[in-house]
Structure formats: structure tokens, C-alpha cells
Amino acid sequence: MATVPYQTSADTAERLIAEAMKQGTSHLTTGLDAPPGTHLRIGGRDLVNFGTCGYLSLEQDERIQRGAVDAIKRFGVQFSVSRSYVASGLNLELEELLREMYAGHPVLVYSSTSLCHISVLPALLGAGDIAVLDQQVHFSVQTAAQLVRQQGVELAMVRHGDLGALERRLRRAEATGERVWYLIDGVYSMFGDVAPVEDLVRLMAAYPSLHLYVDDAHGMSWYGRHGAGYVFEKLGRRLGERVVLVTTLAKGFGTIGGVAVFPTEQAFEKVRINGGPLMYSHPLPPPMLGAAIASARIHLSARIEAVQADLAQRRDYCNELLAAAGLPVVSDPRTPIYFVGLGEPEVSYAMVRRMLDEGFYVNQSSFPVVPLKKSGLRFTLTRHVDRDHIRGLVEAVAHHLPQALDEAGRTMADVRAAFGPMLPEAGAAPARTD
């Protein structure tokens with residue numbers, strides 16, 4: 001199997017992050033006098049917010065805020081005890097609502113998605129298993145995977161989206177009887193592309209050794225029935241017995257916390273009893289449980305469809321503008337994550353700095369979260385921004401891109417060489433959301 005090294009060059013990452021901080025494109029701080037929403041107040045300026053992940057803008061929903069306040073009044077701000085001893089009734093109420101969202105599949109809730117991975121992976125994988133990581137799987141998954149190495153699990157990493165390399169490993173596993181776990185994102189947090197769910201379903205049918213472990217944090221809420229997410233919907237709202245799904249409450253859902261969705265009651269019980277952080281870390285506090293319960297009820301109501309459609313209209317409009325401008329967009333047009341490919345980190349510093357100067361908050365993305373030569377400008381859409389904001393951003397990007405390339409001594413030919421087939425053909429019609 002053609003594998004690639006882990007992206008853990010600490011010296012390179014430290015140098016690039018330090019440069020981003022020097023350029024004023026990273027490690028910024030908001031003010032204390034205005035809530036984040038349509039704008040972020042940074043350095044005394046109100047920047048239009050194209051950089052946070054509350055896609056449906058539910059964090060400002062009054063029902064969710066009331067849920068948090070009510071829980072504080074009833075239960076205080078903390079419930080400090082391991083769930084192995086006693087679980088909050090609010091915690092169990094939330095898990096029942098999430099189970100309904102996920103068509104009866106059992107779920108566990110954690111105080112963060114990172115802790116969720118640290119709990120689930122070591123509980124379900126064991127000696128003799130092989131964990132194959134997509135090169136772009138979220139770093140929290142990569143970190144948790146290091147724990148299973150200590151249990152005798154072989155780790156390998158393949159280039160992003162390289163199902164050919166995965167299948168070669170599966171062929172060998174058929175002879176040895178090993179289980180192969182493919183660790184992926186449903187919607188990738190930087191490039192904004194999506195997992196090839198249909199292809200993976202076909203591989204699972206052909207290879208009984210294949211198991212999927214999917215982090216669909218960025219696919220949650222804005223997609224699918226009850227907002228259960230991109231992958232769950234694409235799987236026909238059933239996981240089957242060889243798929244484990246992890247997602248988050250901390251993005252489109254509008255609150256905070258991690259969620260593990262299990263294919264069987266047996267897998268659920270195995271993690272519930274022996275799932276590491278469930279024993280030694282704090283559960284979600286009452287205010288966040290109250291907020292999450294309120295959000296879950298919104299997701300289970302007809303209201304979620306209207307909110308999803310509202311965001312979808314913004315995406316369609318943004319896609320049309322980007323295609324008309326001929327910008328080098330790598331991301332999948334179905335997602336609210338956009339990645340304008342720029343290539344060298346120096347170009348991304350220049351470009352993001354120019355956007356900040358124009359009054360738009362966007363993300364500068366470079367190694368280690370993306371490959372070294374595939375830096376870019378990342379922005380996200382939420383319901384906080386309107387058509388005028390979107391048009392203003394796209395026009396600013398189109399205006400400044402040639403200048404940022406020239407400033408760094410690069411050209412569009414360099415960008416296309418860096419991203420190759422990841423970029424659509426010039427003049428391609430924009431895809432609409434489905």
C-alpha cells in the first residue's frame with residue numbers, strides 16, 4: 001500500500017504558525033463588547049464573519065439560550081462526578097433525543113469531540129486490527145489513533161481520498177482475516193470536500209473486513225433529515241454493523257459537545273462501560289446540556305428544514321458568484337466550507353491579510369492542517385451573513401487574488417500546478433445543493 005508520512009513536522013509547523021501570527025492572520029482575539037454573529041470585533045474593528053462554524057447560527061437562537069439559563073437555575077453550572085458513578089438526568093434526556101434524531105441508533109455524549117475519539121477508538125479497536133487514516137482526517141482522530149497503536153493496532157496513512165491504496169490493503173486483509181478500519185471525515189474541515197460514501201459502500205460490500213470510522217462534525221445539522229448529517233443521510237439513515245459515526249454539537253448544532261453514534265447496542269455497551277473519558281473526565285455541564293436539549297428539539301421539528309433551506313440559498317448564491325469569478329475553489333459546492341486554493345503559504349498570508357484589511361474575517365489555512373504546498377484562503381457560510389456580504393467577499397477575493405500572487409512572486413499557473421485535478425475546469429457551471 002502506498003502510504004505517506006504523518007504530517008507532524010513540528011519545526012515546520014511552528015515556523016509557519018509563527019509567520020502567520022507575525023502577518024496578523026492567526027491567533028487573533030475578539031473584543032468583549034459585542035457578541036459574535038454577523039461581525040467579529042477584532043482589534044477594535046467589526047469584521048464581517050466568514051470564519052466560524054456555527055453554520056445555522058443557532059448559537060444565537062433564543063430557545064437554545066433559554067434552555068441553558070433554565071438548566072443553570074435548576075441545576076447550577078456544574079455536575080462534577082464521573083458518569084461511571086452517576087449520570088445526570090439531563091445527559092440521558094439529551095441522548096434519548098439524539099437517538100431519535102439518528103433513527104434509533106444508540107448514542108453517547110461527551111464534553112468534546114476530541115474526548116469522544118479518545119474514548120471510542122481504543123474501546124473498539126484491538127490487537128490485530130489495522131487503522132488506515134486518510135491524510136486529511138481531522139487531527140483529533142489522528143491524535144486518538146496513537147492510543148490504539150499501543151494496543152497492537154497497526155497504523156497506516158494514505159493520501160487524501162486514495163481508495164485504490166485502501167483497496168490494496170483490503171485485498172491483503174482478506175487472506176489474513178484482519179479487520180481494516182478506514183478513518184475519515186464526512187466533510188473535511190479545511191478543503192470542504194466530502195467522503196465518497198457511495199464508493200465506500202461498494203467497497204464494504206466487496207470486502208467484509210472493511211469497517212468505517214467517520215468524523216462527520218462538519219456535516220452535522222445543515223444536512224439531512226433532523227440535521228443528522230451528511231454521512232448518515234447518504235448511508236440511508238442506517239449505519240449497518242461496520243460503521244461508527246462521530247459528530248459534534250459544537251458547530252451547526254449551536255452548542256458544544258461530542259457525539260458517538262453506534263451501529264449496534266453491543267458496540268454502544270462496550271464503549272459505555274469501558275470508554276476511557278466516560279470514567280475519568282467531566283460530563284457536559286448543566287447549562288450546555290440544557291442548551292443542547294433545546295437544540296435537539298429544534299432539530300426534531302419542522303423548523304430545522306426551513307433553517308437548512310435558508311443556508312442552502314446562501315450557498316447556491318455564493319457558488320454562482322465564485323464560478324462567475326473563475327476563482328480556484330477546491331471545496332465541494334454542497335458544503336458551507338469554502339477553500340480558495342493558493343499554493344504556497346506566502347500567498348495565503350498575503351491574501352488573508354488583504355481580506356482582513358477589506359473588513360472580512362476569513363481563515364488562513366496552511367501546514368500542518370493542509371499539505372505544505374496546498375495552502376489557501378478558507379471561509380465558511382453561516383446564516384449570519386446575507387447576499388450583500390457574500391457578494392462583497394467574492395468581489396474582494398477576485399480583486400485581490402492577482403495582487404497577492406504577484407506580491408509572493410507566484411502565478412495562477414503555480415496554483416493550478418499545486419492543486420491539479422482538485423480544481424474544477426475553468427468556466428464549469430456551479431453545482432446546486434441537493
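User: Is the crossing of α4 and α9 left-handed or right-handed?
Analyst: This is a predicted model, where local features need pLDDT of at least 70, side-chain atom pairs count only at pLDDT 80 or more, and totals for chains, interfaces and linings use all residues. Residues are numbered from 1 along each chain as its sequence is written, and side-chain values use heavy atoms, without hydrogens and water. Helices are DSSP runs of H or I, at least four residues, and strands are E runs of at least two, numbered from the N terminus. With a crossing called left-handed if the near helix is turned anticlockwise from the far one by less than a right angle, and right-handed if clockwise, the crossing of α4 and α9 is right-handed.

User: At what angle do α4 and α9 pack?
Analyst: Helix α4 spans residues 113–124 and helix α9 spans residues 265–274. Their axes (lines fitted to C-alpha atoms over the stretch in contact) are compared by N-to-C direction, from 0 to 180 degrees. The axes sit 9 Å apart, and the packing angle is about 115°.

User: Which residues of α9 does α4 meet?
Analyst: Contact here means heavy atoms within 4.5 Å. On the α4 side we have S119, V120, A123 and L124. Across from them, in α9, are A267, K270, V271 and N274.

User: How far apart are the axes of α2 and α11?
Analyst: Helix α2 covers residues 62–75, while α11 covers residues 286–299. Their crossing is right-handed. They pack at about 140°, and their axes lie apart by 7 Å.

User: Why is β4 largely enclosed by the rest of the structure?
Analyst: Strand β4 takes in residues 130–134. Buried means under 20% relative accessible area (1.4 Å probe, protein chains only), and both faces are covered, with I130, V132 and D134 on one side and A131 and L133 on the other. So β4 is largely enclosed because five of its five residues are buried.

User: Which residue in β5 is the bridge partner of L133?
Analyst: Strands pair if DSSP finds at least two bridges between them. β4 and β5 (residues 154–158) do so in the parallel sense over five bridges. The partner of L133 in β5 is M157.

User: Which residue in β6 stands opposite A131?
Analyst: β4 is also joined to strand β6 (residues 180–185) by four bridges, and the two run parallel. Opposite A131, in β6, stands W181.

User: In what order do the three strands of the open sheet lie?
Analyst: The pairing in this sheet is antiparallel. Its edge strands, each pairing on one side only, are β10 (337–343) and β12 (363–365). The order is β10-β13-β12.

How values were computed:
Buried < 20%, exposed > 50% of the residue type's maximum accessible area, 1.4 Å probe, protein only.
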